[in-house]
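Open your viewer, switch on a cartoon with sticks for selected side chains, and follow along. Each stop tells you what to select next and what you will find there.

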Amino acid sequence: EERLLGPNPRELIDLSILQLMFERGDFQEVFKRIDRFSFKDKRKEINRRVLKLKTLYELGESDAFFLLCGALKRYLQEQHLVSQTIRGFNSAFVSWVYKLGGAHFDYKPLQPGLQKELAGSETAEKPWLLEKMEALKSG
């Protein structure tokens with residue numbers, strides 16, 4: 001069981017509950033609860049921060065969103081115990097979501113070809129990013 005859940009199974013359960021609430025669209029509840037947690041497992045902590053960033057985007061909290069983009073980028077650079085692959089995928093996510101945030105919050109049009117570039121990139125949360133990019137194009 002420990003091999004499956006890791007040394008801190010409660011962390012996996014807590015993170016899974018937050019992710020489930022997010023997928024159900026309960027962004028306010030995620031926002032209320034997410035800062036109650038800080039995970040010892042650095043990969044889970046990165047996932048928690050990515051989830052918080054997505055939640056801020058969904059709630060339209062532009063100031064906090066852009067602050068967290070910068071903070072998460074720095075956090076990822078400092079996490080040498082996490083594989084370069086995980087740091088790279090999540091750093092790419094921060095770069096992509098920052099671009100989306102510029103279009104979403106500042107009403108700047110997305111550059112042509114950006115969706116195709118995203119589709120071919122290696123990034124965390126690609127389906128969510130593509131969905132948000134499509135919504136910006138349609139909306």
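**Stop 1: the end of H4**

Start with Gly60, just after H4, where the backbone takes a positive phi of about 75°. Keep in mind throughout that you are looking at a predicted model.

Now select H4 itself, residues 42-59. How far apart should the ends of this helix be? At 1.5 Å a residue, the 18 residues of H4 should span 26 Å, and the end C-alpha atoms are 25 Å apart, so the two values agree. You can check this with a distance label between the end C-alpha atoms.

Move to the N-terminal end of H4 and show Asp41 as sticks. Asp41 caps this end of the helix, with a side-chain oxygen 2.8 Å from the backbone nitrogen of Arg43.

Next, colour the buried residues of H4. Among them are the nonpolar-looking picks Ile46, Val50, Leu51, Leu53 and Leu56, but the list also includes Lys44, Glu45, Arg48, Lys52 and Lys54.

**Stop 2: Arg48**

Is Arg48 buried or exposed? Its relative accessibility is 8%, under the 20% cut-off, so Arg48 counts as buried. Show its side chain and look for two polar partners. One is the side chain of Glu45, joined to the side chain of Arg48 by a polar contact of 2.7 Å. Another is the backbone oxygen of Phe37, which lies 3.2 Å from a polar atom of the Arg48 side chain.

Helix geometry is useful here: an α-helix has 3.6 residues a turn, so residues three or four places apart point the same way.

Then widen the selection around Arg48. Leaving out residues up to four places away in sequence, Arg48 touches Leu15, Ile34, Asp35, Phe37, Ser38 and Phe39.

**Stop 3: Met21**

Select helix H2, residues 9-23, and pick out Met21 within it. Met21 has a relative accessible area of 7%, so it is buried. Which residues does Met21 contact beyond its neighbours within four places in sequence? The answer is Asp26, Glu29, Val30 and Arg33.

**Stop 4: the loop between H7 and H8**

Jump along the chain to the loop between H7 and H8, where you will find Thr123. With 10% relative accessibility, Thr123 counts as buried. Show its side chain: one of its polar atoms lies 3.0 Å from the backbone nitrogen of Phe93.

Now add the surroundings of Thr123. Setting aside neighbours within four places in sequence, its contacts are Phe89, Ala92, Phe93, Trp96, Leu118 and Leu129. For a C-alpha distance to try, label Thr123 to Ser91: these residues are 32 apart in sequence and 7.9 Å apart in space.

While you are in this loop, select Glu125 as well. What is there to see in its backbone? Glu125 has a positive phi of about 60° although it is not a glycine. Its relative accessible area is 30%, so Glu125 is partly exposed.

**Stop 5: Lys132 in H8**

Continue into H8 and select Lys132. Lys132 has 12% relative accessibility, so it counts as buried. Not counting residues up to four places away in sequence, Lys132 touches Tyr57, Glu58 and Leu100. Tyr57 takes you back to H4, where it is among the buried residues.

**Stop 6: the largest pocket**

Turn on a surface and look for the largest pocket, which holds about 190 Å³ of space. Two elements give two or more residues to its lining: helix H7 (114-119) and helix H8 (126-138). H8 supplies the largest share, 4 residues.

To centre your view, select Pro109, Leu110, Met133, Leu136 and Lys137, which lie nearest the centre of the pocket among its 14 lining residues. What is the lining made of? It divides into 8 nonpolar, 4 polar and 2 charged residues.

Finish on Leu110, in the loop between helix H6 (84-106) and H7. Beyond its neighbours within four places in sequence, Leu110 contacts Lys99, Leu100, Ala103, Met133 and Leu136. Two of these partners, Met133 and Leu136, are also listed with Leu110 as nearest the pocket centre.

For a last look across the model, draw a line from Leu110 to Pro9: their C-alpha atoms are separated by 41 Å, with their positions 101 residues apart along the chain.

Key:
Residues numbered from 1 in each chain as written. Predicted model: local features only at pLDDT ≥ 70, side-chain atom pairs only at ≥ 80, totals over all residues. Heavy atoms only, no water. 1 Å grid on protein atoms, 1.4 Å probe; cavity = no way out; pocket = protein on both sides within 12 Å on 5 of 7 lines; lining within 4 Å. Points joined across faces, edges and corners; volume = space filled by probe spheres on them. Nonpolar A, V, L, I, M, F, W, Y, C, P; charged D, E, K, R; others polar. Buried < 20%, exposed > 50% of the residue type's maximum accessible area, 1.4 Å probe, protein only. Polar contact = N/O pair within 3.5 Å; in protein donor to acceptor, adjacent residues only side chain to side chain. Contact = heavy atoms within 4.5 Å. Expected span 1.5 Å × (residues − 1).
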